[in-house]
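Reader: Hello! I have a structure on my screen and would like some help learning to read it. Could we go through it together?

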Amino acid sequence: VADAGVVVPAGDPEALAAVLVRLAADSGERRGLGAAARRRYEEHYSLERFQARMAELYGELLGTRFEGW
């Protein structure tokens with residue numbers, strides 16, 4: 001996740017403010033984080049990935065291979 005976001009310590013508003021100021025000033029970093037987040041979504045959370053995972057899960061539960069969707 002580190003390439004698709006920024007982690008700041010919980011309860012540290014100064015650290016959060018510093019990251020927000022840095023991101024506001026660096027459009028390249030913002031674009032890079034956005035592109036990485038998009039790739040992560042497409043790989044792990046897209047509709048197609050969800051459908052494939054549900055088919056796998058149903059197949060495991062039913063003891064068969066599910067070829068739906």
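Reader: Let me start small: in which helix does Ala-17 lie?

Author: Happy to help, and one thing to keep in mind throughout is that this is a predicted model. Ala-17 belongs to helix 1, which spans residues 13–25. With a relative accessibility of 38%, Ala-17 is classed as partly exposed, because that class covers values between 20% and 50%.

Reader: How far apart in space are Ala-17 and Ser-27?

Author: Their C-alpha atoms are 17 Å apart, and the two residues are separated by 10 positions along the chain. You can try another pair in the viewer: Leu-47 and Gly-34 are 13 residues apart in sequence, with 19 Å between their C-alpha atoms. Leu-47 is part of helix 3 and is exposed, at 51% relative accessible area.

Reader: How should I describe the way two helices pack?

Author: The general idea is that two packed helices are described by the angle between their axes and the distance between those axes. Here, the axes of helix 1 and helix 2 come within 5 Å and cross at roughly 100°. Angles from 65 to 115 degrees count as roughly perpendicular, so that is the word for helix 1 and helix 2.

Reader: Which residues of helix 1 and helix 2 meet?

Author: On the helix 1 side they are Arg-22, Leu-23, Ala-24 and Ala-25, and their counterparts in helix 2 are Ser-27, Glu-29, Arg-30 and Leu-33.

Reader: Now to charges. What is the idea behind a salt bridge, and how many salt bridges does the structure hold?

Author: Side chains of opposite charge can pair when their charged atoms come close. This structure has 5 salt bridges. One of them links Glu-42 to Arg-38, with 2.8 Å between the closest N and O atoms. Both residues sit in helix 2 (residues 27–44), 4 residues apart, about one turn of the helix. Glu-42 is partly exposed, at 40% relative accessibility.

Reader: Which residue meets Arg-53 in a salt bridge at 3.2 Å, N to O?

Author: That is Glu-56. The two are 3 residues apart in helix 3, so about one helical turn separates them. Arg-53 is partly exposed, at 32% relative accessibility, and Glu-56 is also partly exposed, at 39%. Arg-53 has a salt bridge with Glu-60 too, with an N to O distance of 3.7 Å.

Reader: Is Glu-60 buried or exposed, and which residues do the shared salt bridges join into one network?

Author: Glu-60 is exposed, with 56% relative accessibility. Through shared partners, salt bridges connect Arg-49, Arg-53, Glu-56 and Glu-60 in one network.

Reader: What about nonpolar side chains: which residues form a nonpolar patch on the surface?

Author: Look for Tyr-58, Leu-61 and Leu-62, which together have about 370 Å² of accessible area. Leu-62 lies in helix 3, which covers residues 47–62.

Reader: Why does Leu-62 count as exposed?

Author: The cut-off for exposed is over 50% relative accessible area. Leu-62 has a value of 60%, so it counts as exposed.

How values were computed: Residues numbered from 1 in each chain as written. Predicted model: local features only at pLDDT ≥ 70, side-chain atom pairs only at ≥ 80, totals over all residues. Heavy atoms only, no water. Patch = residues over 30% accessible without salt bridge, like charges linked within 9 Å, V, L, I, M, F, W, Y side chains within 5 Å. Areas by Shrake-Rupley, 256 points an atom, 1.4 Å probe, with all protein chains shown as cover. Salt bridge = Lys/Arg side-chain N within 4 Å of Asp/Glu carboxyl O. Buried < 20%, exposed > 50% of the residue type's maximum accessible area, 1.4 Å probe, protein only. Axes fitted to C-alpha atoms, helices over the stretch in contact; angles between N-to-C directions. Parallel < 35°, antiparallel > 145°, perpendicular 65-115°, else oblique. Contact = heavy atoms within 4.5 Å.
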